[in-house]
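Please work through the following exercises with the model open beside you, and try each task before reading its solution.

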Amino acid sequence: MGFNISGLAINKNYENDFEKLQEELGWNLEKQSEIDFETASSNWTEDGICDVYFSEKGTLLFISMDMCAESWVLKNNNTLTFALSETSMAFNINYCENGIERRSIMEVNDERMQDEGEKLSIEDKSEDTSEIIWNQIEVVIGKRFWDIEPDEKAIRYVFGKAKVAEPKTESQSGKEKVQKAVVLEPKRWWEFWK
């Protein structure tokens with residue numbers, strides 16, 4: 001079957017500053033319960049769920065694949081936004097340093113749809129794109145993914161109700177134009193090429 005995980009790795013442990021992290025990401029999370037790492041890293045994180053693991057030097061958040069199509073950027077940290085679907089053979093990597101995207105890869109069925117930025121140092125010792133993700137997670141959080149014990153502590157959060165976007169008004173040639181907020185059903189990037 002294969003692994004199907006997605007999330008955000010950050011090179012700072014935000015366990016004691018989690019409110020600040022939420023503010024920087026623009027997220028509203030409500031704590032649900034303590035879980036183990038095996039549950040947090042299980043296949044296909046559902047929409048609305050955010051499972052969080054804190055390593056000594058980093059933070060690893062498991063979120064839905066739909067949320068991992070673009071980079072999650074933090075001004076003062078290094079971040080790796082990743083999606084790895086071995087079932088679909090689809091991989092997405094967005095690596096940022098101090099708020100600047102340095103590397104972006106999107107690959108589906110061994111075809112690179114996107115390959116931008118300078119190669120990461122771990123790419124030379126990675127056999128394939130999935131291995132680039134595993135190795136870069138280790139670089140970012142300071143701990144090898146496979147060395148995290150299944151019974152280590154993680155925390156389950158759910159995304160709180162988002163505020164409804166207010167219509168924006170902008171002046172255009174002396175006339176007022178109202179833009180209405182449009183909510184579109186997100187497309188799943190890993191299904192675009194099926």
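The exercises below deal with the sheet, its central strands, a buried polar residue and the aromatic rings.

The model is predicted, so local features are taken only at pLDDT of at least 70 and side-chain atom pairs only at pLDDT 80 or more, whereas totals for chains, interfaces and linings use all residues. Residues are numbered from 1 along each chain as its sequence is written, and side-chain values use heavy atoms, with hydrogens and water left out.

**Exercise 1. Give the strand order of the open sheet and identify its edge strands.**

Solution. Begin with the terms: helices (H or I, at least four residues) and strands (E, at least two) are DSSP runs numbered from the N terminus, and two strands pair if DSSP finds at least two bridges between them. On this basis the open sheet has nine strands in the order 2-9-3-4-1-5-6-7-8, with antiparallel pairing. The edges are strand 2 (29-36) and strand 8 (111-117), each of which pairs on one side only. From one strand to the next the twist averages 15 degrees, where axes are lines fitted to C-alpha atoms, for helices over the stretch in contact, and angles run from 0 to 180 degrees between N-to-C directions. At one edge, strand 2 is joined to the antiparallel strand 9 (residues 153-159) by seven bridges, and K31 stands opposite Y157 there.

**Exercise 2. Describe how strand 5 is paired and whether its faces are covered or open.**

Solution. First follow the pairing: strand 5 is antiparallel to strand 1 over seven bridges, with L8 opposite T81, and it is joined to strand 6, also antiparallel, by eight bridges, with N78 opposite E97. Four residues lie between the strands in the hairpin of strand 5 and strand 6, where M89 takes a positive phi near 50 degrees. Next consider burial, for which buried means under 20% relative accessible area, exposed over 50% and partly exposed in between (1.4 Å probe, protein chains only). Eight of the eight residues of strand 5 are buried, so the strand is largely enclosed by the rest of the structure. One side carries N78, L80, F82 and L84 and the other T79, T81, A83 and S85, all of them buried.

**Exercise 3. Which side chain makes a polar contact with the side chain of N94?**

Solution. Locate N94 in strand 6, and note that its 3% relative accessibility makes it count as buried. The partner is S104, whose side chain lies 2.9 Å away; a polar contact is a pair of N or O atoms within 3.5 Å, and within protein one must be able to donate a hydrogen and the other to accept it, while residues adjacent in sequence count only if both atoms are side-chain atoms.

**Exercise 4. Classify the ring pairs that F145 makes with F3 and with F37.**

Solution. Rings of Phe, Tyr and Trp (its six-membered ring) pair if their centres lie within 6.5 Å, and planes under 30 degrees apart count as stacked, over 60 as edge-to-face and the rest as tilted. A search of the whole structure finds 13 aromatic pairs. For F3 and F145 the centres are 6.3 Å apart and the planes at 85 degrees, so this pair is edge-to-face. F3 lies in the segment before strand 1 and F145 in the loop between helix 3 and strand 9, so the pair ties together parts 142 residues apart in sequence. F145 itself is buried, with a relative accessible area of 4%. For F37 and F145 the centres are 5.4 Å apart and the planes at 65 degrees, so this pair too is edge-to-face. F37 belongs to helix 2 (residues 37-40), 108 residues from F145.
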